[in-house]
Amino acid sequence: MDTNNTGTYILTYTTVDLSGNTGSTTRTVNVLRDTTAPVISVNGDADMTLIVTQAYSENGASCYDNADGYCGYISQASSGSVDTNNTGTYLLTYSAVDLSGNTGSTTRTVNVLKDTVAPVISLSGDADMTLIVTQTYSE
């Protein structure tokens, strides 16, 4: 049997007991080509939302293949990038190829939004002050 090439192989097992009786059986083994793409899973959230200028931290992705097993950590997206200085929706694609040449991919969507939250001002000291004319004001 050649497990490096596709095909159908019939294996015959035969034995003879002490009385000279012969018994046999067969097994059919089908060697198929792997046609299943590896499964890519993003590490962290598949959909992310950031505010303009907020740092984007790349979490990468992981790859698992039905025939090859764990096929590695993907540290960077295969395509796409995130510009945190500009609002928009950014699509990152992570891809991997297994030993049989099957390609798997998945995506992460990063939404960069405009900052819509007003700044908070905190006063040092009291909010209400009373001065007498000619008194010096100081913070």
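User: Two strands pair if DSSP finds at least two bridges between them. With that settled, which residue of β8 does Y90 stand opposite?

Analyst: Y90 stands opposite V110 in β8, strands here being DSSP runs of E with at least two residues, and helices runs of H or I with at least four, numbered from the N terminus. Please keep in mind that this is a predicted model, in which local features need pLDDT of at least 70 and side-chain atom pairs count only at pLDDT 80 or more, while totals for chains, interfaces and linings use all residues. Residues are numbered from 1 along each chain as its sequence is written, and side-chain values use heavy atoms, with hydrogens and water left out.

User: OK, and how many bridges join β7 to β8?

Analyst: There are 10 bridges joining β7 to β8, and the two strands run antiparallel. Another opposed pair is A96 with G104 in β8, and the hairpin of β7 and β8 has five residues between its strands, with G101 taking a positive phi near 90 degrees.

User: Which way do β4 and β8 run, parallel or antiparallel?

Analyst: They run parallel, and five bridges join β4 to β8; D47, for instance, has T109 in β8 as its bridge partner.

User: Back to β7 for a second: T93, buried or exposed?

Analyst: T93, which sits in strand β7 (residues 88-97), is buried because its relative accessible area is 19%, where buried means under 20%, exposed over 50% and partly exposed in between, with a 1.4 Å probe and protein chains only. Once neighbours within four places in sequence are set aside, T93 is in contact (heavy atoms within 4.5 Å) with A77, S78, S79, S105, T106 and T107.

User: Switching to charges, how many salt bridges does the structure hold?

Analyst: It holds one, a salt bridge being a side-chain nitrogen of Lys or Arg within 4 Å of a carboxyl oxygen of Asp or Glu. R108 and E58 form it, with their closest N and O atoms 3.8 Å apart. Since R108 lies in strand β8 (residues 103-113) and E58 in the loop between β4 (47-51) and β5 (61-65), the pair ties together parts that are 50 residues apart in sequence.

User: And how is each of the two classed for exposure?

Analyst: R108 is buried, with a relative accessible area of 0%, whereas E58 is partly exposed, with a value of 22%.

User: What about disulfides, how many?

Analyst: The structure holds one disulfide, which is defined as a pair of cysteine sulfur atoms within 2.5 Å. C63 and C71 form it with their sulfur atoms 1.8 Å apart, and the link is left-handed, with -65 degrees about the S-S bond. Its two ends are classed separately: C63 is buried at 2% relative accessible area, and C71 is partly exposed at 33%.

User: Which residues make the nonpolar surface patch?

Analyst: Y64, Y70 and Y73 make a nonpolar surface patch of about 410 Å². Patches take residues with over 30% relative accessible area and no salt bridge, joining like charges within 9 Å and nonpolar side chains (Val, Leu, Ile, Met, Phe, Trp, Tyr) within 5 Å, and the areas come from the Shrake-Rupley method with a 1.4 Å probe, only the protein chains shown counting as cover for residues. Y73 itself lies in strand β6 (residues 69-74) and counts as partly exposed because its relative accessibility is 48%.

User: Any backbone oddities? Where does T53 lie, for example?

Analyst: T53 lies in the loop between β4 and β5, and it has a positive phi of about 75 degrees although it is not a glycine; at 61% relative accessibility, T53 counts as exposed. T134, in the segment after β8, is likewise a residue other than glycine with a positive phi, near 80 degrees, and T134 is exposed, with a relative accessible area of 78%.

User: Last one: how far apart in space are N21 and N86?

Analyst: They are 83 Å apart, C-alpha to C-alpha, and 65 residues apart in sequence. N21 lies in the loop between β1 (7-16) and β2 (22-31), counts as partly exposed at 46% relative accessibility, and touches T15 and V16 when residues up to four places away in sequence are not counted.
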